[in-house]
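Here are some short exercises to work through with the model open beside you. Try each task before reading its solution.

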Amino acid sequence: MQDWEQIIIANWKMQLNVQDSVKQAKQIKKLLDKNSINAATKIVVAPSFLAFSNVAEVFQNTRVVLGAQDSFEEDKGAYTGEVSLKNLQTLGCRFVSLGHSERRALGETDEVVNRKAKAVINHGLVPVICVGEPMKERQVHNSEDFVFRQLEKSLADIHIKEKHKVIIAYEPIWAIGTGDAMDPSEVGKMIQTIKSRYKLASVIYGGSIEPDNVHEFTKLKNIEGALVGGASLDAKTFVELIKKA
């Protein structure tokens, strides 16, 4: 795995059907070819599982790499509805998001995230561990303790030995999809605290990231990129965001 100066991850969630995913991928590819993008910026796109192979074909032999929105820890078995890391790897998957707040809202626990993270690492892929506090924790000034409980359980018995082998995505739940990004100075403080405990992890920020505000976050010390939701659903907006990161 080569190093990068920063990484921008597009999370398309369940927003695009297969046809729209292919169209979006082709537009991103075309715009990236026309624009000058820092060679040290890693660009990752995480489409839905249904569109994964189609999008992978579009981005074949380009600088864009594929990420998964989730995974399962077993390679094979009677696990109805799950998607294995082994199969994702055959399609060129390199990064796997785990523990996104929308997954946690459906019942995914830190212990499940931990099992999946170990499997991702064992397959030579990079886990993107998502953490972040809800508004009620923020209101009682408990954000840091909440986030570190998530991290301690999600990364239990995982020893990060090399930089860029584990990514921690800090996404305060109250900022996701609301248009209300966290104040950059507050983000900076949280990132500094995370890095003090997980020195070799790459830390990125997510939560209402847009072209107009992305640099306010990526310029902060110890932040190595962004996890982008809504702004990644329009090719022109997403490429503009990458340019400004």
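A pocket here is an open set of grid points with protein on both sides within 12 Å along at least five of seven lines. Keep in mind that this is a predicted model.

**Exercise 1.** Find the volume of the largest pocket and describe its lining.

Solution. Start with the space itself: the volume comes to about 470 Å³. Next, look towards the centre, where Lys13, Met14, Ser48, Gln69 and Arg103 are the closest of the 17 lining residues. Finally, sort the lining by character, which gives 7 nonpolar, 6 polar and 4 charged residues.

**Exercise 2.** Do likewise for the second largest pocket, and find which helix gives the largest share of its lining.

Solution. This pocket holds about 270 Å³ of space. Of its 15 lining residues, Ile121, His159, Lys161, Lys165 and Val166 are the closest to the centre. Helix H5 (residues 110–122) supplies the largest share, 3 residues. By character, the lining splits into 7 nonpolar, 3 polar and 5 charged residues.

**Exercise 3.** Work out which strands pair with strand S4, and why S4 is largely enclosed.

Solution. Begin with S3 (residues 64–68), which runs parallel to S4 and is joined to it by 3 bridges. In this pairing, Leu66 stands opposite Cys93 of S4. Follow the chain from S3 through helix H3 (residues 85–90) to S4, and you trace a right-handed β-α-β crossover. Now turn to S5 (residues 126–131), which pairs with S4 over 4 bridges, again in the parallel sense. There, Phe95 stands opposite Val126 of S5. To finish, check burial, taking under 20% relative accessible area as the cut-off. S4 (residues 93–98) is largely enclosed by the rest of the structure because 5 of its 6 residues are buried.

How values were computed. Residues numbered from 1 in each chain as written. Predicted model: local features only at pLDDT ≥ 70, side-chain atom pairs only at ≥ 80, totals over all residues. Heavy atoms only, no water. Buried < 20%, exposed > 50% of the residue type's maximum accessible area, 1.4 Å probe, protein only. Helix = DSSP H or I, 4+ residues; strand = E, 2+ residues; numbered from the N terminus. Pairing = 2+ DSSP bridges. Right-handed = clockwise from strand over helix to strand, strands pointing away. 1 Å grid on protein atoms, 1.4 Å probe; cavity = no way out; pocket = protein on both sides within 12 Å on 5 of 7 lines; lining within 4 Å. Points joined across faces, edges and corners; volume = space filled by probe spheres on them. Nonpolar A, V, L, I, M, F, W, Y, C, P; charged D, E, K, R; others polar.
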